[in-house]
Amino acid sequence: MPSLVVHYAFVGLLAATLLGAAFDRRSLLLSILVVTFPDVDAFIGLYWQAGHRAATTNLVIPAVLAVVVAVDLYVREDSYIKGRWGAYGVRVSWFCVVVYAVGHVLLDLITGGANLFWPFYDQFYQLSGHLELSSQRGIVQTFVELPEPSSGSGGAGGGSGGSTTQAMGNSSEVQMSTGIDPNPGEPEPESVDRVFPIARSGWELVVLVVGTLATAARLRIGHDLPDE
């Protein structure tokens, strides 16, 4: 699973590229707080079966946040967000929804899995697969299982080996190990090794380095701009 610092670097990269004029230390700090919140379920898992990557690492929470923001902006006659923070607040509010869903839940989905629809549907999923262009088989993808064509030797959407996106099991079957709870559901040994990862793969190290540098550069550029 990606470490929090990898989440931070990825969100910093998103903020530097998507926030535009709304990018500043305040919006960056808020984004970091939002992307940290889903990992609260690492502590929840100490006391409850629906713990890490379920209780707060799901798509239900950002969906609710999106509804709340949309109602405030487009349904209420006087928007609190617009009235208090103007266009800056609108952009940052929507960005925080993206940060939760993409900056945390999606990264967890592709690195070990997440319980996407908890508590309405208790099932962990992991997204994996490949997408490629074959000179003989056309477009080949294994992320989503598609019906095979009734005739012919292949074609767009044809897979090789079927879907690799997996349903992993429910909360009683899947327990995610963390540095907080290295042996979920089991007695903790006296010599327990609590591991808090920084980067566990090459792509995570690349995201960590590039995201950190991009965020620092964006902050520096904003600092060097003259006041209008």
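**View 1. A nonpolar patch lies on the surface of this predicted model.**
Five residues make the patch: L205, V206, V209, V210 and L213. Its area is about 430 Å². One of these residues, V210, sits in helix 6, which covers residues 202-224. V210 counts as partly exposed, because its relative accessibility is 41%, and the range for that label runs from 20% to 50%.

**View 2. The whole chain combines helices and strands.**
There are six helices and four strands. Along the sequence they follow the pattern α-α-α-α-α-β-β-β-β-α. The protein chain has 228 residues, and 37% of them count as buried. Its accessible surface comes to about 13200 Å². Carbon and sulfur atoms hold 62% of that surface. Now take the contacts between residues at least 6 apart in sequence: 60% of these join residues at least 24 apart.

**View 3. N58 sits in a loop and is buried.**
The loop runs between helix 3 (41-44) and helix 4 (60-75). N58 has a relative accessibility of 1%, so it counts as buried. A polar atom of the N58 side chain lies 3.2 Å from the backbone oxygen of A55. What else does N58 contact, leaving aside its neighbours within four places in sequence? The list is Y100, V105, N115, L116 and W118.

**View 4. F37 and Y100 form a tilted aromatic pair.**
A search of the whole structure finds four aromatic pairs. In the pair of F37 and Y100, the ring centres are 6.3 Å apart and the planes meet at 55°. F37 lies in the loop between helix 2 (25-36) and helix 3, while Y100 lies in helix 5 (residues 80-110). The pair therefore ties together parts that are 63 residues apart in sequence. F37 is partly exposed, with a relative accessible area of 39%. Y100 is buried, with a relative accessible area of 2%.

**View 5. W48 and W118 form an edge-to-face aromatic pair.**
The centres of W48 and W118 are 5.3 Å apart, with 75° between the planes. W48 belongs to the loop between helix 3 and helix 4. W118 belongs to the loop between helix 5 and strand 1 (124-126). This pair thus joins parts that are 70 residues apart in sequence. W48 is partly exposed at 47% relative accessible area, whereas W118 is buried at 12%.

**View 6. D108 and R53 meet in a salt bridge.**
Side chains of opposite charge can pair when their charged atoms come close. The whole structure holds three salt bridges. Between D108 and R53, the N to O distance is 3.4 Å. D108 is in helix 5 and R53 is in the loop between helix 3 and helix 4. The two residues are 55 residues apart, and the pair links distant parts of the chain. Are these partners buried or exposed? D108 is buried, with a relative accessible area of 2%. R53 is buried too, at 0% relative accessibility.

**View 7. R76 pairs with D72, and R137 pairs with E132.**
The salt bridge of R76 and D72 spans 2.9 Å, N to O. R76 is partly exposed, with a relative accessible area of 45%. D72 is buried, with a relative accessible area of 9%. In the salt bridge of R137 and E132, the N to O distance is 3.8 Å. R137 counts as partly exposed at 34% relative accessibility. E132 counts as partly exposed, also at 34%.

Technical notes. Residues numbered from 1 in each chain as written. Predicted model: local features only at pLDDT ≥ 70, side-chain atom pairs only at ≥ 80, totals over all residues. Heavy atoms only, no water. Buried < 20%, exposed > 50% of the residue type's maximum accessible area, 1.4 Å probe, protein only. Polar contact = N/O pair within 3.5 Å; in protein donor to acceptor, adjacent residues only side chain to side chain. Contact = heavy atoms within 4.5 Å. Patch = residues over 30% accessible without salt bridge, like charges linked within 9 Å, V, L, I, M, F, W, Y side chains within 5 Å. Areas by Shrake-Rupley, 256 points an atom, 1.4 Å probe, with all protein chains shown as cover. Salt bridge = Lys/Arg side-chain N within 4 Å of Asp/Glu carboxyl O. Phe/Tyr/Trp six-rings, centres within 6.5 Å; stacked < 30°, edge-to-face > 60°.
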